[in-house]
Amino acid sequence: TSPTPPSGWPSPQGSQAVTSTISVSGSLDGGLKRYYASGSMGDGGQSESQKPIFELANGATLRNVIIGSPGADGIHCLGSCTLQNVWWEDVGEDAATLLGSSSSQVMTIDGGGAKSASDKVFQHNGPGTMIIKNFQVQNFGKLYRACGNCTNSYQRHVQMSNIVATTPGKTLAGINTNWGDTARFSNITIVNDSSHKIVICEKYKGVPKGSEPSKIGEGPDGTNCLYSSSDITYK
């Protein structure tokens, strides 16, 4: 049996307004304090120019943090990083973005959850792998998107396991198959989606910056979208 993500959201242990990005190297334990953007950080809308509340250096770990509203541009990872028990009460532009330039970098999101992401929760702009596990999401556009029109057209990989996704929601992962992206899924639970509208794995043709990627398919294929029906449970 696999562990079940916590159903209850944590109560914030105090609040902290953030007026300039907090840089993290090594590890930071927020003690489940709520951090929210203030001043010129960004209003948590869809503007691309917003600043992250936290910026994690390569190898950094951020744990026990609640990102409140406005969430601005959430968390940026400049290389490999770990987010442990991080919660987003109202996702801003994105909850977290993996930047960096190494194909061996890994961003691990372990535990936590996100609500109210009008577009994307996790954005993958650099190369490498994103691991999302023991996570819950509700009211979201895409849980994960491998950038389809960034400056650099990297191959990107995502692994999702022990995820609880509650409607409304559109897509768990969007990847660019022409660049060799992969998405692996195991122990996914989808709640209140009797008509199976949430797309597990959406395929795009990635394009150069300045163009819009086109959707070219969805569903398991054994090459890019890696899962079987037994990996998905509907409740």
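Leucine 78 makes a friendly starting point: leaving aside neighbours within four places in sequence, it is in contact with Glu55, Leu56, Leu99, Gly100 and Gln105, where contact means heavy atoms within 4.5 Å. You will find leucine 78 in the loop between strand 6 (75-77) and strand 7 (81-88). Strands here are DSSP runs of E with at least two residues, helices are runs of H or I with at least four residues, and both are numbered from the N terminus. Leucine 78 counts as partly exposed because its relative accessibility is 40%; buried means under 20% relative accessible area, exposed over 50%, and partly exposed in between, using a 1.4 Å probe and protein chains only. From C-alpha to C-alpha, leucine 78 and alanine 60 are 9.2 Å apart in space, with their positions 18 residues apart in sequence.

Before going on, a word on what you are looking at: this is a predicted model, in which local features need pLDDT of at least 70 and side-chain atom pairs count only at pLDDT 80 or more, while totals for chains, interfaces and linings use all residues. Residues are numbered from 1 along each chain as its sequence is written, and side-chain values use heavy atoms, with hydrogens and water left out.

Now step back to the whole protein. Its secondary structure consists of 17 strands and zero helices. Along the principal axes, the C-alpha atoms fill a box of roughly 45 × 40 × 30 Å. The radius of gyration is 17 Å, which agrees with the value near 18 Å that a compact globule of 235 residues would have. That radius is taken over C-alpha atoms, and the globule rule is 2.2 Å times the number of residues to the power 0.38. Of the 235 residues, 50% count as buried. Among contacts with a separation of 6 or more, 61% are between residues 24 or more positions apart.

Let us follow some strands, starting at the beginning of the chain. Strand 1 (residues 15-18) pairs with strand 3 (residues 27-37) in the parallel sense over four bridges; two strands pair if DSSP finds at least two bridges between them. One place to look is serine 15, whose bridge partner in strand 3 is arginine 34. Strand 3 also pairs with strand 5 (residues 60-67), again in the parallel sense, over six bridges. Here serine 27 stands opposite threonine 61 in strand 5. After strand 5, the loop leading to strand 6 holds proline 70. A cis peptide bond, with omega about 0°, joins serine 69 to this proline 70.

Further along the chain lies strand 11 (residues 128-146), which includes asparagine 134. This residue has a positive phi of about 55° although it is not a glycine. Asparagine 134 is partly exposed, with a relative accessible area of 22%. Asparagine 162, in strand 12, also has a positive phi of about 55° without being a glycine. With a relative accessible area of 8%, asparagine 162 is buried.

Stay with strand 12 for a moment. Proline 168 has its place in this strand, and a cis peptide bond with omega about 0° joins threonine 167 to proline 168. Leucine 172 lies in strand 12 too, and it counts as buried because its relative accessibility is 0%. Not counting residues up to four places away in sequence, leucine 172 touches ten or so side-by-side neighbours to explore, including Phe140, Met160, Phe185 and Val199. The C-alpha atoms of leucine 172 and cysteine 150 are separated by 20 Å, with the two residues 22 apart along the chain.

Just past strand 12, threonine 177 lies in the loop that leads to strand 13 (182-191). Leaving aside neighbours within four places in sequence, threonine 177 is in contact with Lys203, Tyr204, Ile216 and Asn224.

Our last stop is strand 14 (residues 199-205). Six of its seven residues are buried, so strand 14 is largely enclosed by the rest of the structure. On one pairing, strand 14 runs parallel to strand 12 over five bridges, with isoleucine 175 and lysine 203 as bridge partners. In another pairing, four bridges join strand 14 to strand 15 (residues 214-218), and these two run antiparallel. Lysine 203 appears here as well, with glycine 217 as its bridge partner in strand 15.
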